[in-house]
Amino acid sequence: MRLIALLLGLALCLSSPLSAALAQTPTPDTPAGVQHASLSAPDGRLIDVSIWPAVQERGVVVFSHGLNSSPEPYNRILKAWADHGYTVVAPLHVDSLRHPDHARYDNRAAFAARITDLAVVRGYVGNAHQGKPVIAAGHSFGSLLSLISAGAVTAAGPMGDPSVKGVIAFSSAGDLPGLVNPQTYATMAPPLLMITGDADIVPGFVSDWTQHRSPFDRSPAGDKYLMVVDGGNHELVARSDDAIFTLMENATETFLDAYALGDATAKQTLTTLPMPDRVTWERR
């Protein structure tokens, strides 16, 4: 019942004006240049949001962190996107170990709260960054939420947002029993860039790294890309070496230009993106 109630609240937040963002005091480990805002959720919660502002903004990325994590560990890639012209807006979800109410939420309630968080953030982006294209991105459990926003349908039902022009997914959440089914990605038509590694194992959740391929393999063909790093594990996005990070940065920024901006040259570049022997690049 709690899930249903929160999803009803989600519908309310999508149809109602959003409260203005309020400036927050950065925490001691807030990366330089990152701003904070507080957004009101329909259930009365305040959603802390980290913002990596682009000086010459061309688009916006809504980013969802991994289970128990927070936005800050992803600073390296999020700052790179901001420097490339894409403001990044990343909520702190209630399952984060840094969230003050973490202990109050079980996994079911935390999933529903994530859905609400991201809907509120996209509504805020639509108001505060009017006319700017939106790409959804995420890591692990956060990537599943980003895929849902682009039309993936889990056991919770359809919750896609037509404002999302594409998805960048690092290490998908895998085929979570009871939530993800073989048809989950069959309705996900927008462009996708999936990044994982052949050592991307999550004990208790993903025992076979190829599960991370599911969004790429099972979504409709067309504008779908997959990068697999030899030896890459679940922390690839946050702890890769400089060479792999440069490849991920180049691939993701080219993807952003291609599908947020409709840049035909960037799209053509994606079809022939050069990769070293330790990285496999697929498209379909």
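Visitor: What does the accessible surface of the protein chain come to, and how much of it belongs to carbon and sulfur atoms?
Guide: About 11900 Å². Carbon and sulfur atoms hold 54% of that accessible surface. Keep in mind that this is a predicted model.

Visitor: OK. How many helices and strands does the chain have?
Guide: The protein chain has 8 helices and 10 strands.

Visitor: And what share of the residues is buried?
Guide: Buried residues make up 56% of the 284 in the chain.

Visitor: What about contacts? How many of those with a separation of 6 or more join residues 24 or more positions apart?
Guide: Such pairs account for 75% of those contacts.

Visitor: Let's pick one helix. Is H4 mostly covered or uncovered?
Guide: Mostly covered. H4 spans residues 141-149, and 9 of its 9 residues are buried. Among them are Phe 141, Gly 142, Leu 145 and Ile 148. Ser 143, Ser 146 and Ser 149 are buried too.

Visitor: What covers them?
Guide: The cover includes several strands: S4 (59-64), S6 (134-140), S7 (164-172) and S8 (192-197). Helices H3 (107-128) and H5 (214-218) also take part.

Visitor: Which residue just after H4 takes a positive phi?
Guide: Gly 151. Its phi is about 115 degrees.

Visitor: New topic. How many cavities of 30 Å³ or more turn up in the whole structure?
Guide: The search finds 1. The largest cavity has a volume of about 30 Å³.

Visitor: Which residues line that cavity?
Guide: Val 62, Leu 118, Arg 122, Ala 136, Leu 145, Ser 146 and Ser 149. H3 and H4 are the elements that give two or more residues to this lining.

Visitor: Which element gives the most there?
Guide: H4, with 3 residues. So our covered helix comes up again, as Leu 145, Ser 146 and Ser 149 are buried residues of H4.

Visitor: How does the cavity lining divide by residue type?
Guide: Into 4 nonpolar, 2 polar and 1 charged.

Visitor: And pockets? How much space lies in the largest one?
Guide: About 670 Å³. Its lining has 28 residues. Leu 67, Ser 140, Phe 141, Leu 176 and Phe 205 lie nearest the centre. Phe 141 is also one of the buried residues of H4.

Visitor: Which elements give two or more residues to the pocket lining?
Guide: H3, S6 and helix H6 (236-239). H3 gives the most, with 4 residues.

Visitor: Last one. What is the mix of residue types in that lining?
Guide: 17 are nonpolar, 8 are polar and 3 are charged.

Methods
Residues numbered from 1 in each chain as written. Predicted model: local features only at pLDDT ≥ 70, side-chain atom pairs only at ≥ 80, totals over all residues. Heavy atoms only, no water. Buried < 20%, exposed > 50% of the residue type's maximum accessible area, 1.4 Å probe, protein only. Contact = heavy atoms within 4.5 Å. 1 Å grid on protein atoms, 1.4 Å probe; cavity = no way out; pocket = protein on both sides within 12 Å on 5 of 7 lines; lining within 4 Å. Points joined across faces, edges and corners; volume = space filled by probe spheres on them. Nonpolar A, V, L, I, M, F, W, Y, C, P; charged D, E, K, R; others polar. Areas by Shrake-Rupley, 256 points an atom, 1.4 Å probe, with all protein chains shown as cover.
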